[in-house]
Amino acid sequence: MRALCISGSQVKKGNTTQLIDILIDNIESSNIPDLKIKKMSLSGLTLRPCKACEKCKKTGKCVIRDDFHKVIRRMHKSDLIIIGSPVYFHDVSGLVKNFIDRTFSLWHEKQLQGKKFIPIAVSAESGEERTLETLRIWAQVHEMKIVSSLSGHGHKPGDVSHDQKALAAVRDVIQDLIGEVKNTDS
Ligand SMILES: Cc1cc2nc3c(=O)[nH]c(=O)nc-3n(C[C@H](O)[C@H](O)[C@H](O)COP(=O)(O)O)c2cc1C
């Protein structure tokens, strides 16, 4: 299984990236066969907003030339996609919103259909449920398979690694993922 983990935080070693890293460590020790995990951060990439030209309706490709295509190339090669977002005003970060809007280009031909998906949200206090919902709806619209979801709390970078609830939830996500992989294989 090829997995792509995308962090939508501007803070490179912030809580979102740390929770993704904790999940990756746990996935790597879960004995899932033929596992290959790639990590990407949207921070530092040029990701312009969708300009609603709708040219992608005919071609299935976004006409804007920027780093979106780098992410998409990796997404196409992956069976499992994990997107983590910090909670900004009870929703995904602007980076993540720009990215998911641009995947309109993939929606017409359902290019992401059937891929497994795990959304992650990290807030200081609240808003993670709504953020996860945004990501889940995005995945549903693309007809992806939502395997599980994960959230955590942290204010200063690193706080989330002490969030015991989040660490317990990571173990639940791993069980869901192992169950899903078994289902797919049988
Ligand atoms: C613009 C902005 C908006 C935020 N909005 C919320 C919010 O609605 N609820 C909340 O609990 N935390 C909010 N936070 C705090 C972040 O979600 C929190 O610090 C999180 O750990 C950041 O993750 P990061 O370290 O990966 O950037 C906000 C932070 C910023 C910068």
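Modeller: Helices (H or I, at least four residues) and strands (E, at least two) are DSSP runs, numbered from the N terminus. What you have here is a predicted model, where local features need pLDDT of at least 70 and side-chain atom pairs count only at pLDDT 80 or more, while totals for chains, interfaces and linings use all residues. Residue numbers start from 1 along each chain as its sequence is written.

Biologist: OK, helices to begin with. At what angle do the axes of H1 and H7 cross?

Modeller: In general, two packed helices are described by the angle between their axes and the distance between the axes. An axis is a line fitted to C-alpha atoms, for helices over the stretch in contact, and angles run from 0 to 180 degrees between N-to-C directions. Here H1 (residues 15-28) and H7 (residues 164-185) have axes that come within 10 Å and cross at roughly 45 degrees. The pair is therefore oblique, since under 35 degrees is roughly parallel, over 145 roughly antiparallel, 65 to 115 roughly perpendicular, and the rest oblique. The crossing of H1 past H7 is right-handed, meaning the near helix is turned clockwise from the far one by less than a right angle (anticlockwise would be left-handed).

Biologist: Which residues of H1 and H7 make that contact?

Modeller: From H1, look for Leu-19, Ile-22, Leu-23, Asn-26 and Ile-27; from H7, Ala-166, Val-170, Val-173, Ile-174 and Leu-177. Two residues are in contact if their C-beta atoms, placed from the backbone, lie within 7 Å. Sorted by class, the H1 contact with H7 has 9 nonpolar, 1 polar and no charged residues. (Nonpolar covers Ala, Val, Leu, Ile, Met, Phe, Trp, Tyr, Cys and Pro; charged covers Asp, Glu, Lys and Arg; the others, Gly among them, are polar.) Leu-23 also has Ile-82 and Leu-150 among its contacts, leaving aside neighbours within four places in sequence.

Biologist: And the core: which members of the largest nonpolar core touch the most others?

Modeller: A nonpolar core is a set of buried Ala, Val, Leu, Ile, Met, Phe, Trp, Tyr and Cys residues joined through C-beta atoms within 7 Å. Buried means 20 or more other C-beta atoms within 10 Å, exposed means 12 or fewer, and partly exposed is in between. The largest core has 38 residues, and Leu-19, Leu-23, Ile-82, Ile-83, Val-96 and Ile-120 touch the most other members. Elements giving this core at least two residues each are S1 (2-7), H1, S3 (80-86), H4 (94-102), S4 (116-123), H6 (128-141) and H7. S4 gives the largest share, 5 residues.

Biologist: Is Leu-132, over in H6, buried or exposed?

Modeller: Leu-132 sits in H6 and is buried, with 20 other C-beta atoms within 10 Å. Beyond four places in sequence, Leu-132 is in contact with Pro-119, Ala-121, Ser-149 and Ser-151.

Biologist: Now backbone angles. What is the phi of Ala-52?

Modeller: Most residues other than glycine have a negative phi. Ala-52 has a positive one, about 55 degrees, in the loop between S2 (36-41) and H2 (56-59). With 8 C-beta neighbours inside 10 Å, Ala-52 counts as exposed. Glu-143 also has a positive phi, about 60 degrees, in the loop between H6 and S5 (145-146); Glu-143 is exposed, with 12 other C-beta atoms within 10 Å.

Biologist: What does His-108 contact away from its sequence neighbours?

Modeller: Cys-56, Lys-57 and Gly-60, leaving out residues within four places in sequence. His-108 lies in the loop between H5 (104-107) and S4, and its C-alpha atom is 10 Å from that of Glu-54, 54 residues apart along the chain.
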